[in-house]
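Me: I'm new to reading structures and would love a close look at one part of this one. Could you walk me through it slowly?

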Amino acid sequence: MPKAPLPIRDGLGPDRLRMPRESDAGTVLEFLVGEFPGEHELWNALVSAGDVVDEHGRIISSETPYQPTRFVYFYREPPPEIPVPHEIEILYRDEQILVIDKPHFLATIPRGAHIVESAVVRLRRDLHLPDLAPVHRLDRMTAGVIVFTVTPDLRRPYQELFAEQKIVKEYEAIAGFDPELTFPRIVRSRINKVHGEMTATEVEGEPNSETRVELVELLTDSAGSTLGRYRLFPKTGRTHQLRLHLNSMGIPILGDNYYPHYRPAVPGDFSTPLRLLARALEYPDPITGHTRRFVSTRALDQGL
């Protein structure tokens with residue numbers, strides 16, 4: 001994707017829209033008003049303020065002719081979001097990378113209804129780092145260690161560490177306990193995720209996922225139920241891999257609203273976190289060659 005001709009603003013990049021080949025619009029403004037019915041005044045204001053440009057960064061005026069197949073860039077105010085009531089902890093920062101301890105309920109990147117309330121937008125805005133980008137991601141419900149690069153030229157070397165499986169990823173989970181199970185154990189399965197469906201499934205076929213599971217200790221919750229604290233070492237990174245692998249053993253992760261049964265999250269309810277944490281990352285730094293290890297300080301058993 002080409003570099004956007006508008007800079008990051010308040011932690012967010014501009015939106016982009018392609019103008020179709022066939023259109024009755026005579027001007028770019030007419031096209032935009034037609035694409036977003038009921039927002040005529042908004043688009044007039046954006047164009048008047050010079051906040052709409054073409055793919056070369058040239059300002060779109062109210063008279064700019066329609067440009068089929070070309071792109072138009074603009075800023076739009078995201079809809080209001082319920083703030084995630086947890087702070088991002090910074091574990092390490094230098095001129096190359098930023099390492100954070102992400103809280104539960106905070107998305108890594110803007111997605112769906114979670115735009116401003118995402119780690120990358122918060123950090124870009126609060127730390128004045130417009131080019132900040134995550135090297136990898138954690139889903140919204142998983143807390144823990146994430147590495148970001150500060151400048152675009154560093155993204156590929158760090159991303160290649162993950163692609164080449166040079167990263168040692170250690171997770172921690174609190175889940176059910178079954179005395180019939182023995183640990184440590186290796187769990188392998190074929191995971192299938194259909195685009196647009198909320199959950200993934202384990203299907204027959206050659207395994208494409210692998211996780212080493214270790215039982216660390218037994219815990220007792222407030223109701224007197226026995227739980228286990230587990231250390232997880234995923235060799236692969238399939239969607240919901242750790243959730244699926246523990247669920248397949250009959251010990252789903254505490255607070256999981258996806259497995260074994262999907263339950264939609266209630267907006268604004270931050271009372272029941274998924275007890276899954278990216279506890280540590282270790283890797284050979286692609287710039288210095290030194291081994292780096294970053295460890296989360298979060299406690300999963302609070303409030304049990």
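What is the relative accessible area of Arg229, and is Arg229 buried or exposed?

Reply: Happy to help! Keep in mind that this is a predicted model. Arg229 has a relative accessible area of 11%. Buried means under 20%, so Arg229 counts as buried.

Now for the partner of this residue. Arg229 forms a salt bridge with Asp301, and their closest N and O atoms are 2.8 Å apart. Arg229 sits in strand β12 (residues 226-234), while Asp301 belongs to the segment after β14, so the pair ties together parts that are 72 residues apart in sequence. Asp301 has 31% relative accessibility and therefore counts as partly exposed.

Another pair makes a nice companion to this one. Asp101 forms a salt bridge with Arg298, with 3.3 Å between the closest N and O atoms. Here Asp101 lies in strand β5 (residues 97-102) and Arg298 in the segment after β14 (291-295), so this bridge joins parts that are 197 residues apart in sequence. Both Asp101 and Arg298 are buried.

For a further example, look at Arg70 and Glu55, a salt bridge whose closest N and O atoms are 3.3 Å apart. Both residues lie in the loop between β2 (52-54) and β3 (71-74), so the pair links parts that are 15 residues apart in sequence. Arg70 is partly exposed at 29% relative accessibility, and Glu55 is partly exposed at 28%.

Salt bridges can also join up into a network, as they do for Glu170, Arg212, Glu214, Arg231, Glu282 and Arg293. Across the whole structure, a search finds 22 salt bridges.

Key: Residues are numbered from 1 along each chain as its sequence is written. This is a predicted model: local features need pLDDT of at least 70, side-chain atom pairs count only at pLDDT 80 or more; totals for chains, interfaces and linings use all residues. Side-chain values use heavy atoms; hydrogens and water are left out. A salt bridge is a side-chain nitrogen of Lys or Arg within 4 Å of a carboxyl oxygen of Asp or Glu. Helices (H or I, at least four residues) and strands (E, at least two) are DSSP runs, numbered from the N terminus. Buried means under 20% relative accessible area, exposed over 50%, partly exposed in between (1.4 Å probe, protein chains only).
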